[in-house]
Amino acid sequence: MLAALVSVLFKPIRAGIAVFMAVAALFGGILGFEKAEISHKKDGCLASFAVISDTHLTEANGRREVLEIGLEDMSKAKDRLDAFVVDGDITDNGEIPVWESFALAMSKYDISDNNIMVIGNHDTWGSDDPAVTKENFIKYNKLATGREITEVYYSTEINGCPAIILGSEGDHVSATVSDTQIEWFAQQMEAASQTGKPIFIFFHQPVNDTHGLPYTWEMNKDDGPGTGGIGDASDRILEIIKQYKNVFYISGHIHAGFSTADDGTVYSSVEKYDGYTLINTPCYMYSDFLRGGNFLNGTGFVVEVYENEVLFRARNFISGIWQPKYDAVIELK
Ligand SMILES: [Fe+2]
């Protein structure tokens with residue numbers, strides 16, 4: 001009885017919060033953000049894509065609608081996006097009606113010819129059987145994006161730039177990555193490096209102990225190394241990444257808002273290293289009031305590839321504003 005009452009009360013509250021956040025984002029525009037449609041920042045863009053993460057869809061009122069506001073923004077891009085990525089935790093629980101809801105939302109908007117789904121830990125919680133989870137991810141990948149895959153990891157390209165999608169094969173908060181997947185990843189990276197183009201890797205979980213982890217996971221000082229990251233496979237994946245240049249590893253999972261190293265926070269959305277860059281995508285569905293960065297939901301990046309650099313442009317897709325304070329420019333080598 002109590003649970004039912006709470007459920008009834010929370011649905012409109014959550015929907016109300018989403019509306020409030022959209023309005024708050026609009027006030028951000030008045031405060032100096034740039035409200036403008038999606039278009040290339042400069043001439044000579046070789047490839048562009050949008051990436052959001054942690055949409056956490058449920059059957060609750062409001063969430064699919066909040067997602068759809070962003071999808072509509074992307075679909076109206078003046079310069080059509082070459083890809084659109086949801087970097088995991090697409091659903092809150094991996095259950096069939098929610099996958100159906102995501103596929104329905106995707107069917108309404110023509111965003112790009114290459115829509116990319118990444119599996120997150122929450123997406124693995126619809127069944128106790130990993131085989132069923134994998135089957136559902138494959139099925140709804142086909143339904144929502146038209147892509148035929150056989151594993152939760154796969155590769156594609158974004159206007160000629162290699163894109164490698166990694167995914168957990170287990171159902172834990174940290175990722176389960178088989179030796180088979182690691183070997184496949186190493187081969188994919190070697191092949192990708194031959195193109196001479198920047199390489200984009202999408203994996204829901206961040207590399208261990210980056211972006212302020214383990215503290216930023218639950219802001220618990222007692223959390224040990226590795227908490228909130230890939231988990232056991234992290235070192236092996238990072239060692240492969242380090243063998244190449246112009247690599248961009250894009251994660252989600254932490255649920256933080258945009259933050260830069262200049263904010264004085266323990267969390268930074270973008271971490272630059274020699275040859276590779278780690279990018280953590282904010283949580284699209286939830287606000288983050290706790291980690292000190294930008295607290296608005298509905299955010300993600302529009303990424304633009306140029307001959308000599310890659311731009312990560314922070315955008316609030318709900319309100320259609322750019323947030324250039326959180327942009328990053330990475331020179332290519
Ligand atoms: Fe999440």
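Here is a short tour of this structure, one selection at a time.

Before you click, know that this is a predicted model: local features need pLDDT of at least 70, side-chain atom pairs count only at pLDDT 80 or more, and totals for chains, interfaces and linings use all residues. Residues are numbered from 1 along each chain as its sequence is written.

**Stop 1: the sheet.** Select strands 5 to 10, which make an open six-stranded sheet in the order 5-6-7-8-10-9, with mixed pairing. Helices (H or I, at least four residues) and strands (E, at least two) are DSSP runs numbered from the N terminus, and two strands pair if DSSP finds at least two bridges between them. At the edges you'll find strand 5 (154-158) and strand 9 (270-272), each pairing on one side only.

**Stop 2: strand 8.** Now pick residues 247-251. On one side, strand 8 pairs with strand 7 (residues 199-202) in the parallel sense over four bridges. Look for Phe200 opposite Phe248, and Ile201 opposite Tyr249. Strand 8 also runs parallel to strand 10 (residues 276-280), joined by five bridges, and here Ser251 stands opposite Asn280.

Are the residues of strand 8 buried or exposed? Five of its five are buried, meaning 20 or more other C-beta atoms lie within 10 Å of a residue's own (exposed is 12 or fewer, partly exposed is in between; C-beta atoms are placed from the backbone). In a regular strand the side chains alternate between the two faces of the sheet. Here Val247, Tyr249 and Ser251 are on one side, with Phe248 and Ile250 on the other.

**Stop 3: Tyr249 and the core.** Stay on Tyr249. Beyond its neighbours within four places in sequence, Tyr249 is in contact with residues including Ile201, Val207, Ile241 and Leu278; contact means C-beta atoms, placed from the backbone, within 7 Å. Tyr249 is also among the residues with the most contacts inside the largest nonpolar core, along with Phe49, Ile201 and Phe202; that core has 79 residues. A nonpolar core is a set of buried Ala, Val, Leu, Ile, Met, Phe, Trp, Tyr and Cys residues joined through C-beta atoms within 7 Å.

**Stop 4: helix 3.** Finally, select residues 96-107, the twelve residues of helix 3. Colour its buried residues: Val98, Trp99, Phe102, Ala105 and Met106. Seen down the helix axis, they fall within an arc of 120° (taken from the directions from the axis to the C-beta atoms), so they line one face. The face turned away carries the exposed Pro97 and Ser107. Helix 2 (63-75), strand 4 (115-117) and helix 4 (130-145) are among what covers the buried residues.

Definitions and conventions. Contact = placed C-beta atoms within 7 Å. Expected span 1.5 Å × (residues − 1).
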